[in-house]
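Work through the exercises below with the model open beside you. Try each task before you read its solution.

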Amino acid sequence: MAVPAFAEEAEAAAQPAMYATFWALVPPVVAIGLALITKEVYSSLFCGILVGGLFYSGFSAEGTMMHIFEDGFIAVLTDPYNMGILVFLVILGAMVALMNKAGGSAAFGQWASKHIKTRAGAQLATMMLGVLIFIDDYFNCLTVGSVMRPVTDKHQISRAKLAYLIDATAAPVCIIAPISSWAAAVSGFVEGEDGLALFISAIPFNFYALLTLLMMILVAVLNVDYGPMARHERNALAGDLFTSGSVSASDVSDEVKGKGTVMDLVLPIAALIVFCVAGMLYTGGFFSGTDFVTAFSGSDASVGLALGSFFGFVLTVALYKLRGVLTFRHSMDCVVEGFRAMVPAILILTFAWTLKAMTDSLGAANFVQAAMEESSKGLMVLLPAIIFVVGCLLAFATGTSWGTFGILIPIVVAVFNGIDHQMMIISISACMAGAVCGDHCSPISDTTIMASAGAQCDHVNHVSTQLPYAITVAVISFVAYIVAGLTHSALISFAVGAVLLLGFLLVMRQFYRNR
């Protein structure tokens, strides 16, 4: 009995003085605040990491450095899941470079310009492609960006607007798609219940995701922009797609008008989708006899996407060689070019993962869990709205949706299980919606980072222009969850949210036209 006692005492002694307190959320707040103020993301993220290291070590210089590098940078870069995502990024970057050099992207842009005649049409086409690629948000961001950049550039849509359209059809679409890596993750957090059945039941109550999709349609059709996005769009119409920031037209390689056709873009993208789905099913044991749903639920997205992108890349190289579009040597040159294009995204991801490691070591999850359990003792009808706000704040501060699911969903199941099944479904949906909202807004979210990379847009520009749009939908979603807690009706709640959103956009359009 002495051994467990000593182990427990040692574990308690190892926890820093600020463990599971409000201070655990200060490092990401510092990083996000500095990024928005200075417009410089790398140093801002490192400052947040430094604050986390100082808090953890009790302001010891040696302890801070060891924690930052040993438990931070080195730990996240040796994590198999993270490394799989980086491999996927590099291979996908190489594929984008291949399609550009072969002329497939340019050919698609020319084809699309004949069929998509308006700016609204280009925005809606970008959104529709994002909705169709619902398997995984990482894959969604980079694929939609590479395919639609020539189209949106042709119609003078700013890169900030393209990044918003990509980001808004990544996580929000994945969280309402029953067959996606996100559905698999959420299902795994629900113990003692049929996770997939609960996920499907919660889809109609996922107001943030549904209202975000409605928002994109209305913004395109009504031709309304507000906040910093309005300035970016005005400048784009005058020929400046970037407005400001570290990414400029000179930093983006021009499309090489090779001998490629539209099929030289469509076939590699189709192969990529097929191989990535097959890769995820393989990691879930589908080809060993496991049924489709179980295999997808148990899949490893990191390994599956890395495998799928690799085979997609090999097939693309072979296709271009056989068709005489690119030589093998030129195809191999694209590997280096694609890696170079992904370096900013890889750097920001590494910093963001390290910042998350700092907040985890300070017990941010424990602090939020205790706060949630305390709030659940209040008015039950307001709990979905409260859970939505807590999910937003936690995901915004940590930059992770899946981590937020893991913290909040078990608490919700414990609070409502066997008491009110319908309220449990609404609250689980509020968890997912809040996590996606915070992830959508956060500058340190991997999805936000990849949306910037996919659009080749300055990251801080993307965050600052997207934030007013995301906050608008978040506030309206909060009202919708209050209505849902009172009525238990998804239809009534969504209708209230849709009317509020339409009214707000009409007011903003009139306001900016008067200006």
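Four exercises follow, all on this predicted model.

**Exercise 1. The whole chain**

Task: State how many helices and strands the protein has, and what share of its residues counts as buried.

Solution:
- Step 1. Take the secondary structure. The protein has 25 helices and 0 strands.
- Step 2. Turn to burial. The protein has 515 residues, and 55% of them count as buried.
- Step 3. Look at the surface. The accessible area is about 20600 Å², and carbon and sulfur atoms hold 69% of that area.
- Step 4. Check the contacts. Take those between residues at least 6 apart in sequence: 79% of them join residues at least 24 apart.

**Exercise 2. Two helices**

Task: Decide how α5 and α15 run relative to each other, roughly parallel or roughly antiparallel.

Solution:
- Step 1. Find the helices. Helix α5 spans residues 80-102, and helix α15 spans residues 263-283.
- Step 2. Read the geometry. The two pack at an angle of about 160°, and their axes lie 10 Å apart.
- Step 3. Apply the cut-off. Angles over 145 degrees count as roughly antiparallel, so α5 is roughly antiparallel to α15.
- Step 4. Add the handedness. The crossing of α5 and α15 is right-handed.
- Step 5. List the contact residues. Helix α5 brings Phe88, Leu92, Met95 and Met99. Helix α15 brings Asp264, Leu265, Pro268, Ile269, Leu272 and Cys276.
- Step 6. Sort them. The contact of α5 with α15 holds 9 nonpolar residues, no polar ones and 1 charged.

**Exercise 3. Gln123**

Task: Is Gln123 buried or exposed?

Solution:
- Step 1. Locate the residue. Gln123 sits in helix α7, which covers residues 119-132.
- Step 2. Read the relative accessibility. For Gln123 the value is 4%.
- Step 3. Compare with the cut-off. Buried means under 20%, so Gln123 counts as buried.
- Step 4. Name the partners. Set aside neighbours within four places in sequence. Gln123 then contacts Ile157, Lys161, Leu165, Val219 and Ala220.

**Exercise 4. Thr465**

Task: Find which residues Thr465 touches, not counting residues up to four places away in sequence.

Solution:
- Step 1. Locate the residue. Thr465 belongs to helix α24, residues 459-487.
- Step 2. Check burial. Thr465 has a relative accessible area of 0%, so Thr465 is buried.
- Step 3. List the partners. Thr465 touches Ala160, Pro228, Met229 and His232.
- Step 4. Pick one partner, Pro228. Along the chain, Pro228 and Thr465 are 237 residues apart. In space, their C-alpha atoms are separated by 5.1 Å.

Key: Residues are numbered from 1 along each chain as its sequence is written. This is a predicted model: local features need pLDDT of at least 70, side-chain atom pairs count only at pLDDT 80 or more; totals for chains, interfaces and linings use all residues. Side-chain values use heavy atoms; hydrogens and water are left out. Axes are lines fitted to C-alpha atoms, for helices over the stretch in contact, and angles run from 0 to 180 degrees between N-to-C directions. Helices (H or I, at least four residues) and strands (E, at least two) are DSSP runs, numbered from the N terminus. Angles under 35 degrees count as roughly parallel, over 145 as roughly antiparallel, 65 to 115 as roughly perpendicular and the rest as oblique. A crossing is left-handed if the near helix is turned anticlockwise from the far one by less than a right angle, and right-handed if clockwise. Contact means heavy atoms within 4.5 Å. Ala, Val, Leu, Ile, Met, Phe, Trp, Tyr, Cys and Pro count as nonpolar, Asp, Glu, Lys and Arg as charged, and the others, Gly among them, as polar. Buried means under 20% relative accessible area, exposed over 50%, partly exposed in between (1.4 Å probe, protein chains only). Accessible areas come from the Shrake-Rupley method with a 1.4 Å probe; for residues, only the protein chains shown count as cover.
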